[in-house]
Amino acid sequence: MKLKIAFFVILSVLSTLTTVSATPSSKDRPITHITLRTESEGDRRYFVGVGGTIDGKVNPRLFVKAWDVVEITLINNDGLKHHIGLPDFFITSHEVVEKGAKTTVTFVPFKDGGFPYNCILENHKEMGMKGELIILHK
Ligand SMILES: [Cu+2]
């Protein structure tokens, strides 16, 4: 009986230790925040960078590092329906329909290279709404 109890205690301690050591540490995981807004002008549709080094740039090249967590926020600034897609990563954001609406996509770029981002709603990609995401080797 005593042996059984002792065994149970040891098992409990072991499972507690396992739980603690298995807790993932995400504190040190860098997050790259990128904000873009939508614009339209006649037949043109495009993205414009908001803040940082891409501020005010049309369809800016977005530089990120492989395996960092990347968060892209899209703000509707023209009142037309838009979204942002990253076809090489199978990502399509929610649509932002009204002026002021926002949506965010979060992903981990797991390969390096240059990949397109765009809005494919109502022919917007063909009307200029596209840019390039550059993923740098970690
Ligand atoms: Cu669009």
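# Briefing: a β-rich predicted chain

Met127 sits in the loop that links β8 and β9. Strands (E, at least two residues) and helices (H or I, at least four) are DSSP runs, numbered from the N terminus. The model is predicted: local features need pLDDT of at least 70, side-chain atom pairs count only at pLDDT 80 or more, and totals for chains, interfaces and linings use all residues. Residues are numbered from 1 along each chain as its sequence is written.

**Overall make-up**

- The chain has one helix and nine strands.
- Along the sequence the pattern reads α-β-β-β-β-β-β-β-β-β.
- The chain has 138 residues, and 21% of them count as buried. Buried means 20 or more other C-beta atoms within 10 Å of the residue's own, exposed means 12 or fewer, and partly exposed lies in between, with C-beta atoms placed from the backbone.
- Of the contacts between residues at least 6 apart in sequence, 59% join residues at least 24 apart. A contact means that two C-beta atoms, placed from the backbone, lie within 7 Å.

**Confidence**

- The average pLDDT of the chain is 87, and 80% of the residues score at least 70. This score is the predictor's confidence in each residue, from 0 to 100.
- Residues 7–25 have a pLDDT below 50, and this stretch has zero contacts in the model beyond near neighbours in sequence.
- Where pLDDT is low, predicted coordinates should not be read in detail.

**The four-stranded sheet**

- Four strands form an open sheet in the order β2-β1-β4-β7, with mixed pairing. Two strands pair if DSSP finds at least two bridges between them.
- β2 and β7 (102–107) are the edge strands, each pairing on one side only.
- On average, neighbouring strands of this sheet are turned by 25 degrees against each other, direction ignored. The strand axes are lines fitted to C-alpha atoms; for helices the fit covers the stretch in contact, and angles run from 0 to 180 degrees between N-to-C directions.
- β1 and β2 run antiparallel and are joined by seven bridges. Glu39 has Tyr46 in β2 as its bridge partner.
- The β1–β2 hairpin has two residues between its strands, and Gly42 there takes a positive phi near 60 degrees.
- β4 and β7 are antiparallel too, paired over six bridges. Thr73 faces Thr104 in β7.

**Pairing around β9**

- β3 and β9 run parallel, joined by four bridges. Lys65 is bridged to Leu136 in β9.
- β8 and β9 run antiparallel, joined by six bridges. Gly113 is opposite Ile135 in β9.
- In a regular strand, side chains alternate between the two faces of the sheet.
- β9 shows this alternation: Gly131, Leu133 and Ile135 point to one face and are buried. Lys130, Glu132, Ile134 and Leu136 point to the other face and are not buried.

**Nonpolar core**

- The largest nonpolar core holds 18 residues. Ile34, Leu36, Val64, Ile72, Leu74, Ile84 and Leu133 have the most contacts inside it.
- β1 (31–41), β2 (44–50), β3 (62–65), β4 (69–75) and β9 each supply at least two residues of this core.
- β4 gives the most, with three residues.
- A core here is a set of buried Ala, Val, Leu, Ile, Met, Phe, Trp, Tyr and Cys residues, joined through C-beta atoms within 7 Å.
- In soluble globular proteins, nonpolar side chains tend to be buried together.
- Beyond its neighbours within four places in sequence, Val64 contacts Thr32, Val70, Pro109, Leu133 and Ile135.

**Loop residues**

- Met127 is partly exposed because it has 15 C-beta neighbours inside 10 Å.
- Setting aside neighbours within four places in sequence, Met127 contacts Asp43, Arg44 and Arg45.
- Met127 and Tyr46 are 81 residues apart in sequence, yet their C-alpha atoms are 7.8 Å apart in space.
- Asn123 lies in the loop between β8 (113–118) and β9 (130–136). Its phi is positive, about 65 degrees, although Asn123 is not a glycine. Asn123 counts as exposed because it has 11 C-beta neighbours inside 10 Å.
- Phe90 lies in the loop between β5 (85–86) and β6 (91–92). The phi of Phe90 is near 55 degrees, a positive value in a residue other than glycine. Phe90 is exposed, with 8 other C-beta atoms within 10 Å.
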